[in-house]
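Work through the exercises below with the sequence and the structure at hand, and try each task before you read its solution.

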Amino acid sequence: MNADLHCHSTVSDGQFAPADVARRAHAGGVTLWALTDHDELGGQHEARSTAEALGMKYLSGVEISVTWASRTVHIVGLGIDPTSSVLIDGLARTRSGRAARAEAIGEQLATLGVPNAYEGALKFVSNPDMISRTHFARFMVESGYCSSTQDVFTRYLGDGKAGFVPHRWARLSNAVSWIQAAGGEAVIAHPGRYDYSPVEFDAFFAEFIDLGGKAIEVVTGSHTPDQYREYADVARRFGFEASRGSDFHAPGEGRVDLGTLPPLPSDLKPVWERWL
Ligand code: AMP
Ligand code: MN
Ligand code: MN
Ligand code: MN
């Protein structure tokens with residue numbers, strides 16, 4: 001089983017349409033796939049139909065933006081019903097505010113010597129509801145301000161950097177309950193990316209478990225190999241099931257391509273077994 005349960009299309013901040021991401025996953029050897037666009041289900045039908053035509057198993061997915069203890073975390077929902085009105089309405093509320101935030105990012109970047117970034121970022125956006133920092137990053141690379149999207153986040157747009165504009169996303173309890181209302185399982189995305197203290201991490205994991213959360217990503221394109229080991233230990237300590245996903249957005253933007261990550265440590269329980 002080559003499961004890749006985290007990636008993005010043009011419906012959020014990926015570079016390829018859902019059908020093209022499906023073809024790339026299949027070409028990369030993926031046999032169980034989920035498209036998990038940020039805060040948006042618009043690609044699910046195309047993703048599933050293309051995946052199934054190619055002979056891949058498919059799980060409907062989403063990645064929800066959450067604010068917990070003043071920091072942004074991402075919660076992936078897997079095996080969801082993409083027609084759930086509770087989930088659809090919750091995601092619509094989460095997306096609202098992205099446009100105003102993007103204008104504020106544009107104003108902030110102008111004060112840093114990067115004029116017209118909002119207009120520039122819009123040229124990279126396919127879904128106007130889903131303008132994200134990634135689109136600003138692509139504009140800044142194309143315009144020569146930075147050498148890579150990673151460089152943009154390191155110097156300008158990463159959390160707390162000079163071009164960063166704080167934003168209030170969904171509550172953890174709401175995101176998990178929308179996923180559960182849609183019949184899915186909530187998974188903590190790339191825990192290694194969050195800048196929490198050990199005490200905060202323990203409280204975060206405990207609250208997630210209280211809400212009914214059962215799984216975390218362990219092997220993800222957003223973790224280093226050291227972090228695979230670190231979060232495998234977290235999974236053992238908290239009794240979490242484990243997930244695996246590339247977090248693919250575009251060639252050259254992430255560390256790994258679809259289907260190419262190492263397998264989960266063999267003693268961990270894969271979250272996807274419940275759907276097989
Ligand atoms: P947003 O939802 O607009 O805050 O944008 C978040 C997106 O920016 C993430 O889903 C990633 O695609 C990208 N991103 C965030 N932080 C980084 C980082 N440090 N390096 C590269 N990409 C990042
Ligand atoms: Mn993204
Ligand atoms: Mn994420
Ligand atoms: Mn992602």
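The exercises that follow concern ligand 1 and its surroundings in a predicted model.

**Exercise 1.** Find which residues lie around ligand 1, and sort them into nonpolar, polar and charged.

Solution. Begin by listing the shell, which consists of Asp-13, His-38, His-74, Arg-98, Arg-101, Ser-132, Arg-133, Thr-134, Gln-150, Phe-153, Arg-193 and His-249. Next, sort these residues, and the shell divides into one nonpolar, six polar and five charged.

**Exercise 2.** Determine which helices and domains supply the shell around ligand 1.

Solution. Take the helices to start with: helix H4 (98-111), helix H6 (133-142) and helix H7 (149-157) each contribute at least two residues to the shell. Then turn to the domains, where domain 1 (3-95 + 172-275) and domain 2 (98-157) each provide at least three shell residues.

**Exercise 3.** Examine the polar side-chain atoms close to ligand 1, using a limit of 3.5 Å between N or O atoms, and state how much of the ligand is buried.

Solution. An oxygen atom of ligand 1 lies 2.7 Å from a polar side-chain atom of His-38, while for Arg-98 the corresponding distance is 3.1 Å. The side chain of Arg-101 has an N or O atom 2.7 Å from an oxygen atom of the ligand. Finally, ligand 1 taken alone exposes 490 Å², of which the protein buries 84%.

Key: Residues are numbered from 1 along each chain as its sequence is written. Chains are lettered from A and ligands numbered from 1 in the order in which they are written. This is a predicted model: local features need pLDDT of at least 70, side-chain atom pairs count only at pLDDT 80 or more; totals for chains, interfaces and linings use all residues. Side-chain values use heavy atoms; hydrogens and water are left out. A residue is near a molecule or strand if one of its heavy atoms lies within 4 Å of it. A polar contact is a pair of N or O atoms within 3.5 Å; within protein, one must be able to donate a hydrogen and the other to accept it, and residues adjacent in sequence count only if both atoms are side-chain atoms. Accessible areas come from the Shrake-Rupley method with a 1.4 Å probe; for residues, only the protein chains shown count as cover. Helices (H or I, at least four residues) and strands (E, at least two) are DSSP runs, numbered from the N terminus. Ala, Val, Leu, Ile, Met, Phe, Trp, Tyr, Cys and Pro count as nonpolar, Asp, Glu, Lys and Arg as charged, and the others, Gly among them, as polar. Domain bounds come from an automatic or database domain assignment.
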